[in-house]
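Subject: Structure for you to look at

Hello,

Here is the structure I said I would pass on. Please open it and keep it on screen while you read the notes below.

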Amino acid sequence: MNPVIDKVAQWSEEGKMAALATVVKVERSGPLGPGTSMAVSEDGQVVGSVSGGCVEPAVYEEAMTAIEGGEPRLLSYGISDDEAFGVGLTCGGTIHIFVERVDW
Amino acid sequence: MAGLLSRWHAALAEQSPVAVATVIQGPEGSLGGKILVFPEDHTGTAGNAELDKAVVETARGLLEGGRTETVHLGPRGQRRMEDVAVFIQSFAPPPRMYVFGAIDFASAVARVGKFMGYRVIVCDARAVFATRERFPSADEIVVAWPDEFLKTAEVDGRSVITVLTHDPKFDVPVLKQALGTSAGYIGAMGSRRTHDNRTARLKEEGVTDEQLARISSPIGLDIGARTPEETAIAIAAEIVALRTGHSGGRLAERSGPIHEAAAETSTGGESVR
């Protein structure tokens, strides 16, 4: 069983909106591989993770934006990304994360 | 629950294979298009019928191998075009670990196998050893001659076969049978002397040097393991190292990236990984 999808399904049953963030690509060194995911519910619950913990706060914000009606987005975090530099990926790689509202 | 989520969730709960394809890059408005691909059917759309056809075809291939990848296609599913990127994630059932020989070491190997996400099947011809009390964590416990059992067992490239009996009467036939499968890992336990003796017997049985090279024997990485638990860790580490093409050894004594952006995917008990 996949704990993230399990939780998203449960939120859906409860009538809660949610967003799913999935690691789709890892360049050089990254702690978690493609397919690793994290989900956020409209009331702020989080399940799963997408890194060693360093980019989760930023992804959380993006997920909330998606829930509020934002378009799906492909995000990149890593040393090559100035914006993400503040977020900081401890392992020194770049990860690409797709964030989408669960409306399917 | 909406349609796709509900079917995705159901497939995972039943441990039936499913690939989830999502458009992650492409023309305006196409992002987030999603198809669930099952071995026999599919549901959802990536945007248009031609693109769907190409995505479904590709996803079935990836699903068979339990692989997760991003593929690039044209807006109408054309190969050799790059306009659309589709992330395809395979949720295949957990890979299998076969543990032959219901000794104390087997109990620890079965536990570590379960911990790693394998579906663990323990098999021994001796009913007194192959018991639920001794293997509480195993998914299946089979009392049968190992080679006979392996003839009908499901084995694929993600399967792991460990032969822990270190008794030639069991080892040799089951290893011969294992070499006829596509198992990703075959390991056999035993001292150097057992190993030499077993190797000689396998050769007498017509096993070639090339085939012998597929067998990790003596089994495990050289970490000085003594107890069944430590030995199970040494075996687990070797299974991972062979799958990823790493040699083992201390990270502290190396430089360079720790996690390579490799194509291989995790065992995914829930990756189903």
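In chain A of this predicted model, helix H1 (residues 3-13) lies across strands E1, E2 and E3 and runs at about 20° to E2(A). A second helix of chain A, H2 (residues 56-67), also packs on the sheet. Helix H2 of chain A touches E1, E2, E3, E4 and strand E5 (94-101), and its direction makes about 50° with that of E2(A).

The sheet under these helices is open and has five strands, in the order E3-E2-E1-E5-E4 of chain A, with antiparallel pairing. Which strands are at its edges? They are strand E3 (46-48) and strand E4 (73-78) of chain A, and each pairs on one side only. From one strand to the next, the twist averages 20°.

You can follow one of the pairings in detail. Strand E1 (residues 18-27) and strand E2 (residues 37-41) of chain A run antiparallel and are joined by five bridges. As an example, A:Ala18 has A:Ser41 in E2(A) as its bridge partner.

Salt bridges come next. Over all chains, a search of the whole structure finds 20 salt bridges. One of them is within chain A: the side chains of A:Asp43 and A:Lys16 meet, with 3.2 Å from N to O. A:Asp43 is in the loop between E2 and E3 of chain A, while A:Lys16 is in the loop between H1 and E1 of chain A, so this pair ties together parts that are 27 residues apart in sequence.

Now chain B. Its open sheet has five strands in the order E3-E2-E1-E5-E4 of chain B, and the pairing is antiparallel. Strand E3 (42-45) and strand E4 (69-73) of chain B stand at the edges with a single partner strand each, so one side of each has no neighbour in the sheet. On average, neighbouring strands of this sheet are turned by 20° against each other, direction ignored.

Inside this sheet, E1(B) and E5(B) run antiparallel and are joined by seven bridges. B:Val18 stands opposite B:Phe91 in E5(B). Helix H2 (residues 49-64) of chain B lies across E1, strand E2 (34-37), E3, E4 and E5 of chain B, and runs at about 35° to E5(B).

Two backbone details in chain B can be checked by eye. The peptide bond from B:Ser217 to B:Pro218 is cis, with omega near -10°. B:Pro218 is in the loop between strand E11 (215-216) and helix H8 (228-244) of chain B. The other detail is B:Gln15, which is not a glycine but has a positive phi, near 55°. B:Gln15 is in the loop between H1 and E1 of chain B.

The last topic is how the two chains meet. How many residues are in contact? There are 28 from chain B and 27 from chain A. The size of an interface is often given as the accessible area lost when the parts come together. Between chain B and chain A, the buried area is about 2200 Å², and carbon and sulfur atoms give 69% of that.

Across this interface the rule finds one salt bridge. A:Glu100 and B:Lys34 form a salt bridge in which the closest N and O atoms are 3.1 Å apart. The count of residue pairs in polar contact between the two chains is four, with both residues at pLDDT 80 or more.

On the side of chain B that touches chain A, the elements giving two or more residues are helix H1 (3-14), strand E1 (18-25) and strand E5 (84-91) of chain B. H1(B) gives the largest share, seven residues. By type, the residues on this side of chain B are 16 nonpolar, nine polar and three charged.

Regards

Terms used: Residues numbered from 1 in each chain as written. Chains lettered and ligands numbered in written order. Predicted model: local features only at pLDDT ≥ 70, side-chain atom pairs only at ≥ 80, totals over all residues. Heavy atoms only, no water. Contact = heavy atoms within 4.5 Å. Buried area = accessible area lost by both parts, 1.4 Å probe. Salt bridge = Lys/Arg side-chain N within 4 Å of Asp/Glu carboxyl O. Polar contact = N/O pair within 3.5 Å; in protein donor to acceptor, adjacent residues only side chain to side chain. Helix = DSSP H or I, 4+ residues; strand = E, 2+ residues; numbered from the N terminus. Nonpolar A, V, L, I, M, F, W, Y, C, P; charged D, E, K, R; others polar. Pairing = 2+ DSSP bridges. Axes fitted to C-alpha atoms, helices over the stretch in contact; angles between N-to-C directions.
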